[in-house]
Amino acid sequence: MKVYLDDERATPPGWVRVYWPDEAIALLGTGAVTDISLDHDLGDDARGTGYDVVLWIEQQVFTAGFQPPVMRVHSANASAREKMEAGIRTIERYAGRAGTV
């Protein structure tokens, strides 16, 4: 399953759309997610951002042996994109995969 976290953009064909980090995390928890594409700013920071998903994946990889999906960032927020991509690079290095950011 390919998961697309965004509050505004059109969902690419073949991707499952979610609007909030908790929805993305619930799908990740099933083990069925092969790819995830993340926006940062989702319209309500109190409900979370795409970076919260990166942090969840990082924690699961380091503490529970979670195998991360292919991760991408499609956020227009340049500073948030950098922070998210840095987290993804750390996850990828730890998981022993070449980066796909």
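Begin by selecting R81 and E85 in helix α3, which covers residues 78–95; because the two residues are 4 apart in this helix, about one helical turn separates them. The model on display is a predicted one. Show the side chains, and a salt bridge between R81 and E85 appears, with 3.0 Å from N to O. The two partners differ in their surroundings: R81 has 27% relative accessibility and is therefore partly exposed, whereas E85, at 17%, counts as buried.

**The whole chain**

Next, zoom out and display the chain as a cartoon. The secondary structure amounts to 3 helices and 4 strands, and starting at the N terminus their order is β-β-α-β-α-β-α. The C-alpha trace extends over about 35 × 30 × 25 Å along its principal axes. A compact globule of 101 residues would have a radius of gyration near 13 Å, and the 12 Å of this chain agrees with that. Of the 101 residues, 40% count as buried. If contacts are taken between residues at least 6 apart in sequence, 58% of them join residues at least 24 apart.

**Salt bridges**

Return to the charged side chains. How many salt bridges does the count come to? The count is 5, and the bridge between R81 and E85 is one that has already been visited.

Select D6 and R9 for another. Their closest N and O atoms are 2.5 Å apart, and the two residues form a salt bridge. Is D6 buried or exposed? D6 counts as buried because its relative accessibility is 0%. R9, by contrast, is partly exposed at 30% relative accessibility.

Now select R72 and D35, whose side chains meet in a salt bridge at 3.2 Å from N to O. This pair links distant parts of the chain: R72 belongs to strand β4 (residues 70–73) and D35 to strand β3 (residues 35–38), and the two are 37 residues apart. R72 is partly exposed, with a relative accessible area of 33%, while D35 is buried at 11% relative accessibility.

For the next stop, add D39 to the earlier selection of D6 and R9. Salt bridges with shared partners join D6, R9 and D39 into one network.

**Around S75**

From D39, move to S75, found in the loop between β4 and α3. With 3% relative accessibility, S75 counts as buried. Its side chain makes a polar contact with the side chain of D39, at 3.5 Å. A polar atom of the S75 side chain also lies 3.1 Å from the backbone nitrogen of N77. Which residues does S75 touch, if those up to four places away in sequence are not counted? They are R9, L38, D39, H40 and R81. R9 and D39 were met in the network above, and R81 at the opening stop of this tour.

**Aromatic rings**

Finally, display the aromatic side chains. The structure holds 3 aromatic pairs. In one of them, the ring centres of Y4 and W15 lie 6.2 Å apart with the planes at 75°, so this pair is edge-to-face. Y4 is in strand β1 (residues 2–5) and W15 in the loop between β1 and β2 (16–18), so the pair ties together parts that are 11 residues apart in sequence. Both Y4 and W15 are buried.

The last selection is K83 with Y51. K83 lies over the face of Y51, at 4.3 Å from the ring centre.

Note on methods
Residues are numbered from 1 along each chain as its sequence is written. This is a predicted model: local features need pLDDT of at least 70, side-chain atom pairs count only at pLDDT 80 or more; totals for chains, interfaces and linings use all residues. Side-chain values use heavy atoms; hydrogens and water are left out. A salt bridge is a side-chain nitrogen of Lys or Arg within 4 Å of a carboxyl oxygen of Asp or Glu. Buried means under 20% relative accessible area, exposed over 50%, partly exposed in between (1.4 Å probe, protein chains only). A polar contact is a pair of N or O atoms within 3.5 Å; within protein, one must be able to donate a hydrogen and the other to accept it, and residues adjacent in sequence count only if both atoms are side-chain atoms. Contact means heavy atoms within 4.5 Å. Rings of Phe, Tyr and Trp (its six-membered ring) pair if their centres lie within 6.5 Å; planes under 30 degrees apart count as stacked, over 60 as edge-to-face and the rest as tilted. A charge sits over a ring if NZ of Lys or CZ of Arg is within 6 Å of the ring centre and within 35 degrees of the ring normal. The radius of gyration is taken over C-alpha atoms; the globule rule is 2.2 Å times the number of residues to the power 0.38.
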